[in-house]
Amino acid sequence: MSERHSRQLPESVGAALRGVSSAGAALWTSVEPRIRQWGAKARTRLRHYLDEGYALDGEAARPAAASITFEGATAIFGDAPALRDISGTFAAGSMSAVVGPNGAGKSTLLKLAAGLLQPRAGMIRREPADPRAIAFLPQRSEIDTAFPITALDFVALGAWRRYGSLATPNDDTRDSARQALAVVGLSDAAMRPIGELSIGNLQRLLFARLLLLDTRCLLLDEPFAAIDQATADDLLAVLRRWHGEGRTIVAVLHDLDQAREAFPECLVLARRVMAWGPTRCVLTEQTLRDARQAMQGN
Ligand SMILES: Nc1ncnc2c1ncn2[C@@H]1O[C@H](COP(=O)(O)OP(=O)(O)OP(=O)(O)O)[C@@H](O)[C@H]1O
């Protein structure tokens, strides 16, 4: 939780409760110290994580960074090509934004990169080839929040590769899941069903699960869509930390200012590559105009 958020949230909740009735005001007086304490605790944990990281399983030696190379990759749904002849590399340790108009093929590209979709033509090379080096965060709309599972178990499931798909998470995994929830400011939601979480908290939860996966490459589909600014700031700080650790980050973004500010590399898509390289060079008005025109021509 960011400093701004933990300051503003109690104030707005307090104002709302005080405005309802004298009972609301009394309720606020009794809970305010705890809410402020939670906010301060979450803020401290996030700061600690951003400064120091935290050890999972005794901080095993880190494997080499991961790269993903597209070589003339094409994706087709039915008869309609979603992506044509994509070539280029997300270099090991790079932090890239993927941008483009609606329907430009951004999610499809991420699924190809993750190996969730096979190209109809061309190929995709992952280095290392081990699929466990890559974590994929889908769009929230693809997550079944009606599934009856607590936030803690949802995060612990992120580590299934370590304990096996047929086993249940052990105490160590659950402890790691608790730490990950604390890092993203969700300790107090651990036992709540995921369907009860707000959009911002659901996104924090997904990041907590990524913390447990602990992979060298993270592919994120619109990680900041429709969440409040404070949550976006916190989660972007976590991404920057991962980048600083040498992990490869690829995120589909709609906020171009955010891409310019925080992502050194950028791929502009319009069912094909319009530009791919340093963000300051490729994310220009001209490229974006070309991308919109290319989509109209499709
Ligand atoms: N499973 C699917 N079946 C059929 N068509 C699909 C499927 N997934 C994507 N498409 C089509 O492929 C094209 C690219 O879709 P994609 O979701 O990759 O674009 P996008 O750039 O991520 O879009 P948005 O910004 O709107 O999320 C679209 O025309 C879409 O309708």
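This is a short tour of a predicted model, stop by stop.

**Start with the whole protein**

Show the cartoon first. The protein has 11 helices and 9 strands. Of its 298 residues, 37% are buried. Now think about contacts between residues with a separation of 6 or more. In this protein, 70% of them join residues 24 or more positions apart.

**Stop 1: the ligand**

Select the ligand and the residues around it. Which residues are around the ligand? They are F77, A82, G100, N102, G103, A104, G105, K106, S107 and T108. Colour this shell by class. You should find 3 nonpolar, 6 polar and 1 charged residues. Next, select helix α3, residues 106-114. This helix gives the largest share of the shell, 3 residues.

**Stop 2: the open sheet**

Select β1, β2 and β4. These 3 strands form an open sheet in the order β2-β1-β4, with antiparallel pairing. Why is one side of β2 and of β4 left without a neighbour in the sheet? Both stand at the edges, and each has a single partner strand, so one side of each has no neighbour there. Neighbouring strands of this sheet are turned by 20° against each other on average, direction ignored.

Zoom in on β1, residues 67-77. Between β1 and β4 there are 6 bridges, and the two strands run antiparallel. Pick T74 and look across: A121 in β4 stands opposite.

**Stop 3: D85, a positive phi**

Most residues other than glycine have a negative phi, and most peptide bonds are trans. Keep that in mind for the next three stops. Select D85 in strand β2, residues 80-90. The phi of D85 is near 50°, a positive value in a residue that is not glycine. Is D85 buried, exposed or partly exposed? D85 has 15 C-beta neighbours inside 10 Å, so D85 counts as partly exposed.

**Stop 4: R271, another positive phi**

Go to the loop between β8 (265-269) and β9 (273-278), where R271 lies. R271 is not a glycine, yet its phi is positive, about 65°. Is R271 buried or exposed? R271 is buried, because 25 other C-beta atoms lie within 10 Å, and 20 or more are enough to count as buried.

**Stop 5: a cis peptide bond**

Select E127 and P128. The peptide bond from E127 to P128 is cis, with omega near 5°. P128 lies in the loop between β4 (121-127) and β5. Follow the chain onward into β5.

**Stop 6: strand β5 and its partner**

In a regular strand the side chains alternate between the two faces of the sheet. Select β5, residues 134-137, and look at both faces. On one side are I134 and F136; on the other are A135 and L137. All four are buried, so both faces of β5 are covered. Now add β6, residues 217-221. The two strands run parallel, and 4 bridges join them. Opposite I134 in β5 you will find C217 in β6.

**Last stop: the nonpolar core**

In soluble globular proteins, nonpolar side chains tend to be buried together. Here the largest nonpolar core has 75 residues. Select V155, L181, A208 and L219, which touch the most other members. Helix α7, residues 199-213, gives the most to this core, with 9 residues.

Finish on L219. Which residues does L219 touch, not counting residues up to four places away in sequence? L110, A113, A114, I134, F136, L137 and V250. I134, F136 and L137 are familiar from strand β5.

Key:
Residues numbered from 1 in each chain as written. Predicted model: local features only at pLDDT ≥ 70, side-chain atom pairs only at ≥ 80, totals over all residues. Near = placed C-beta within 6 Å. Nonpolar A, V, L, I, M, F, W, Y, C, P; charged D, E, K, R; others polar. Core = buried A, V, L, I, M, F, W, Y, C linked by C-beta atoms within 7 Å. Buried ≥ 20, exposed ≤ 12 C-beta atoms within 10 Å, placed from the backbone. Contact = placed C-beta atoms within 7 Å. Pairing = 2+ DSSP bridges. Axes fitted to C-alpha atoms, helices over the stretch in contact; angles between N-to-C directions.
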